[in-house]
Amino acid sequence: MDKRPLILRTLITLVVVAVFASAIHPLFERDYYVTFLGLLVKPASPEEARKVQEEADALVADAEKLRAEDPNLYQSQALLKAADDKGVDLTKMVRGNDLQDNRDVMSVIRKHASSSIRLGLDLNGGVEFILQLVPDEGFLKELEKGGDDGKNRSRKDIEADIRRNFDRYRDIAIETLRKRLEGQKIFEAEIAPSGDSYVALRAPVVAKDEKVKLMNLIKMSAKLNFRMVHPQNLELVAGMTADKEKSFVPPFGYELMKTSEFRAGQEPLVTYYVVEKRPAMTGKDVVSAYPNKDQFGQRMIALSFNARGAAQFAEVTRANVGRQMAIVLDDHLYCAPVIKDAITGGQATISGRFSDEEIKSIADALVSGSFPFQIKIDAVFDTDPKLGAANVANGIWVGVFSLLFVAAFMCIYYRLAGVIAVCALGLNIVLVLGAMAAFNATLTLPGIAGIILTIGMAVDANVLVFERIREEMAGGKNLRTSVDLGYSRAFSAVFDANVTTLITAIILMYVGTGAIKGFAVTLSIGILSSLFTALFVTRLIFDYLFRYFHLQKLTMMQFFKNAHFNFRAMRGKVFAISGFLIVASLVLVGVRIHNRSMLGIDFTGGTVVSFNYAEQIPQGEIEKALQAAGYEATVTYKYNAMSTTDDRKLEILVRGDLTKESVDTTASPKDVLMNLLNKEFPKAQLSGGLESSVGGLIGDEFTKAALIAIGLSIIGIGVYISLRYEFTFALSSILALAHDVIIALGIFLATGRTVSLTVVAALLTVIGYSINDTVVIFDRIRENARLGICGTFDENVNLSVNQTLNRTILTSFTTFIVVFVLFLGGGIAINDFVLIMMLGIVIGTYSSIYISPQLVSLWHAKEPVSTNNNVKSVRNPEPKKAGESK
C-alpha cells in the first residue's frame with residue numbers, strides 16, 4: 001500500500017475538483033459591459049494597456065448613449081454597433097480563441113456574462129414567444145405547380161387544404177422548432193399550439209442577449225436555394241455603388257443581391273451579383289449539415305444530400321460548368337463560387353461571413369428542416385417561474401434534508417468509514433453541478449430531483465466496498481489487507497451495477513425529449529461522478545489515514561449477522577404472489593386503455609390544465625359538466641402530504657381542440673376552462689392555471705420515442721449481462737425487469753394517475769436501479785461459483801443472496817428514504833416521478849432477492865458449480881470432489 005503513488009493520485013483529485021468547481025462560477029448572470037472590460041487583453045507595455053482600457057471605456061460610453069437613444073437595443077447590440085461605427089476591431093482587444101470578427105467577440109462576452117448553470121422555466125422563468133404561422137409564398141407556388149404529387153391545383157384549393165390540415169402542418173413546425181432548440185442544447189423548452197393559428201414557445205432563457213439569439217433562430221426558415229448568377233454579371237454590376245443600386249433594373253427573371261465583408265477600420269467591402277430568381281435546386285434534400293473550416297481557417301458549412309439531391313446537384317453543376325452558383329439561405333446571399341466541374345459526390349459547402357454562434361445555428365436549422373410557413377413573432381413576454389418561490393424553496397430544503405439524513409446515517413452505521421463516504425458525497429455534488437455547468441445542462445425541478453436521487457444512489461458503491469471490507473476483516477485479515485481486498489473484490493460489482501444503470505441513462509439521453517433528456521444528462525453525470533468519488537477518492541483518503549495516522553481499527557454496525565434465510569423454500573409462494581400482481585396489473589392496464597384514461601397528454605395529444613382551487617368539487621361532477629360542454633376530459637386532484645395552498649392543484653386533461661367553443665380563437669385554453677367551470681361551480685373559485693398542449697403528431701412521436709427507449713434499455717442491459725455473465729442470467733434479469741415495470745405501473749395506475757413522459761422516465765430509472773441490485777447478487781454468485789464454496793448451484797444462489805443481504809437492504813433503505821422525503825416535500829411537479837421511484841425501489845429490491853436469482857437457480861436446477869477461477873461461465877459439468885480444497 002505504501003508503494004501506491006499517493007502524490008500523483010492527490011494531484012489528479014485536486015485537478016478534477018478544481019476544474020469542475022471552477023465551472024460552477026459564476027452562479028448568477030453578470031453585467032455585459034463589466035464582463036467585456038474584464039476580458040480585455042493585457043499588453044506588456046503600460047502605455048499600450050492604458051490605450052486599450054481608454055478605447056474600451058469609450059466604446060462602453062458610446063454604447064450607453066446608443067441605448068439611451070434606442071431603449072430597445074440590448075447591451076451586446078449597442079456595443080457591436082458602437083465598435084462597427086468607429087471601425088474598431090474587437091478581436092485584437094478581447095481574449096479568446098478563433099475570433100474572426102466582432103460578432104465572435106460578442107458571443108465570447110455573452111458566454112462569460114451568463115450564469116454557469118441555466119435554470120429551467122419552473123425555477124427561474126424565461127421567455128415566451130407567441131408565433132403566428134403564415135403559409136410561405138414560395139411553398140404555395142411550389143404546390144400550385146404540382147409539388148411532390150405532380151398535380152396542378154388552384155391557389156384557392158391549396159389554401160383550403162392548408163386550413164383543413166393545419167394541425168398536421170403545425171405539429172411539423174413544432175417538432176422542427178424543438179429539434180432546432182435541442183441543437184442549441186435547450187432541451188427544456190415548451191412548445192405548444194395556442195389558439196387557432198398560433199404557437200406558444202417558452203424557453204428557459206432570461207438574458208436579453210440570449211433572447212435575441214433565440215429570436216433569430218426561431219425566425220430562420222432555413223430555406224436553402226442554389227441559384228445561377230447571370231453569365232455577364234461583371235459587366236452588369238461594373239461600377240455599382242449603393243446609390244446606383246436603388247435605380248438598377250435587373251434583366252427579366254433576375255434580381256440584384258450582394259455580400260458584405262467586414263474590414264477593421266475600413267468600410268465593408270460590398271460585392272454585387274445579378275442572380276436568377278428561380279432556383280436551380282433547393283436544399284430540401286439536405287440530410288446533414290455541420291460547421292467546418294477550409295484550408296485557410298475560414299468557417300464554412302459542409303452539406304450532404306440524399307440520393308435524389310445528389311443526382312440533381314450533379315445534373316445542375318454539370319450543365320453550368322464555368323458559371324457562378326449563388327448559395328442563398330433565407331434570401332441572404334452567402335457566396336457565389338464558380339463551378340469548375342460537375343459535382344457528383346452529393347457534397348457541397350457554404351462559405352461566407354459567419355460568426356461561430358451563427359454557423360452552428362444555421363447548420364442545426366438546415367438539418368432540422370425548413371418550414372412550409374413563415375414565422376411571425378407576434379409577441380414576446382417574460383414568464384415568471386412556474387412553481388413559485390415556495391416550491392423552489394421546498395425543493396432545496398428537501399435536498400438539504402436528504403443529504404443530512406444520508407450523512408448522519410452513514411456516520412452512525414459505518415463510523416469512520418461513513419465519515420469518509422460523506423466527504424466523497426459532498427465532493428460528488430460539487431462534481432455534478434460543475435459538470436452540468438460545463439455541459440450547458442439546464443437545471444429544472446426534476447433535475448434537482450435527479451441530483452437528490454444521485455445522493456441516495458451514490459451511497460451504493462460505498463456500501464458495497466465497506467461490506468466487502470467487513471467480510472475480509474471477519475475472515476481474520478488485518479485492516480490494511482481487508483481494505484485492499486475490499487476495493488479489488490467489490491470493483492466488478494460496482495462497475496457492472498453502474499454500467500447497467502448508465503446504459504439506461506444514455507438511451508434516455510439520445511431517445512428521450514424535453515425534461516426526460518435533461519434528467520438523463522443529470523443521471524449520467526451523477527453515475528460517473530459517483531464512480532470517481534466512491535472508488536478513487538475514498539481509497540485515497542484511506543491511504544492517507546494508513547500512511548500518516550496509522551489507522552489500525554475500523555468498526556461498523558451490522559443489520560444481519562450471519563444471515564442464513566432459506567429463500568429457496570419461499571420460491572413457490574413468492575412466484576404465486578408475483579403472478580397474481582402481474583395479472584392484476586395487466587387487467588388494470590387493459591381496462592384503463594379501453595376507457596382511454598391511461599395515457600396522458602404527451603401521448604394522446606390535447607391539452608392539460610391545472611388550477612388552484614378554494615373548495616374541492618367531486619371529480620365526477622366536473623367531468624360531467626365538461627362532457628355536456630362537448631369536451632372529453634379526465635379530472636384529477638393533486639396534492640402531497642406537506643401541501644400548502646399553492647401546492648394543491650386541480651388537473652384537467654382534455655383530448656382534442658379545447659378552444660373549439662370559444663368565440664375568441666386566440667383565447668388561452670386555461671381561460672376557456674376556468675370561465676366555464678367557475679360559472680358552473682362558483683364555490684371552486686378556480687384561479688391561476690398552467691397549461692400544456694400537444695398535437696396528435698407530436699403525441700405519436702413521443703409514444704414512439706418512449707417505446708424505443710424502453711426496448712433499447714432492456715436489450716442493452718440484456719446484451720451487457722450476457723457478455724459479463726451468461727445468457728441465462730440476462731434472460732432472468734429481463735424477466736425480472738418486466739416484472740418490476742408491470743407491477744409498478746399497475747399500482748401507479750390504481751391510484752388514478754395517467755402515464756406521461758415523466759412517468760416513462762421514472763420507469764426507465766426503475767429499470768436501471770433494479771438491475772443495479774440484481775447485478776451485485778449475480779457478481780457474488782459468479783465469485784462463489786469460481787471458489788467452489790457450494791456443492792450445487794441452488795445452494796450457491798441462496799448463499800449469495802444471504803451474503804449480499806446487508807448491502808441490498810442498506811442501499812434500498814437509504815435511497816427509499818431520500819425518495820420518500822422527495823415525495824413528501826418535492827412538490828406536485830415531480831410527484832408522479834417520485835411515486836414510481838418509490839414503488840420501483842420496493843419492487844426492485846423484492847425482485848432482486850426473490851425473482852431474478854431464483855429464476856437463474858431454476859434454470860440451472862441441481863447443476864454443480866465451477867471450480868475453475870478463469871472461466872466466465874458459472875456452469876461446469878464436473879462435480880467437486882469430496883475433500884477438494886477451496
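Two strands are taken to pair if DSSP finds at least two bridges between them. In this predicted model, 3 strands form an open sheet by that criterion, in the order E9-E10-E13, and their pairing is antiparallel. The points below cover this sheet, a helix that packs on it, a nonpolar surface patch and the residue Asn831.

**The sheet E9-E10-E13**
- Strand E9 (286-293) and strand E13 (347-351) stand at the edges of the sheet, and because each has a single partner strand, one side of each is left without a neighbour in the sheet.
- Neighbouring strands of this sheet are turned against each other by 25 degrees on average, with direction ignored.
- Strand E10 (residues 299-305) runs antiparallel to E13 and is joined to E13 by 5 bridges; Ile301 has Ile350 in E13 as its bridge partner.
- Helix H13 (residues 307-319) packs on the sheet, where the helix touches both E10 and E13, and its direction makes about 110 degrees with that of E10.

**The nonpolar patch and helix H24**
- Ile708, Leu712, Ile715, Val719 and Leu723 make a nonpolar patch of about 460 Å² on the surface.
- Ile715, one of these patch residues, lies in helix H24 (residues 696-724) and counts as exposed because its relative accessible area of 55% is over the 50% cut-off.

**Asn831 and helix H29**
- Asn831 lies in helix H29 (residues 831-850) and counts as buried because its relative accessible area of 5% is under the 20% cut-off.
- Asn831 and Thr758 are separated by 73 residues in sequence, while their C-alpha atoms are 9.9 Å apart in space.

Key. Residues are numbered from 1 along each chain as its sequence is written. This is a predicted model: local features need pLDDT of at least 70, side-chain atom pairs count only at pLDDT 80 or more; totals for chains, interfaces and linings use all residues. Side-chain values use heavy atoms; hydrogens and water are left out. Helices (H or I, at least four residues) and strands (E, at least two) are DSSP runs, numbered from the N terminus. Axes are lines fitted to C-alpha atoms, for helices over the stretch in contact, and angles run from 0 to 180 degrees between N-to-C directions. Contact means heavy atoms within 4.5 Å. Patches are made of residues with over 30% relative accessible area and no salt bridge: like charges are joined within 9 Å, nonpolar side chains (Val, Leu, Ile, Met, Phe, Trp, Tyr) within 5 Å. Accessible areas come from the Shrake-Rupley method with a 1.4 Å probe; for residues, only the protein chains shown count as cover. A salt bridge is a side-chain nitrogen of Lys or Arg within 4 Å of a carboxyl oxygen of Asp or Glu. Buried means under 20% relative accessible area, exposed over 50%, partly exposed in between (1.4 Å probe, protein chains only).
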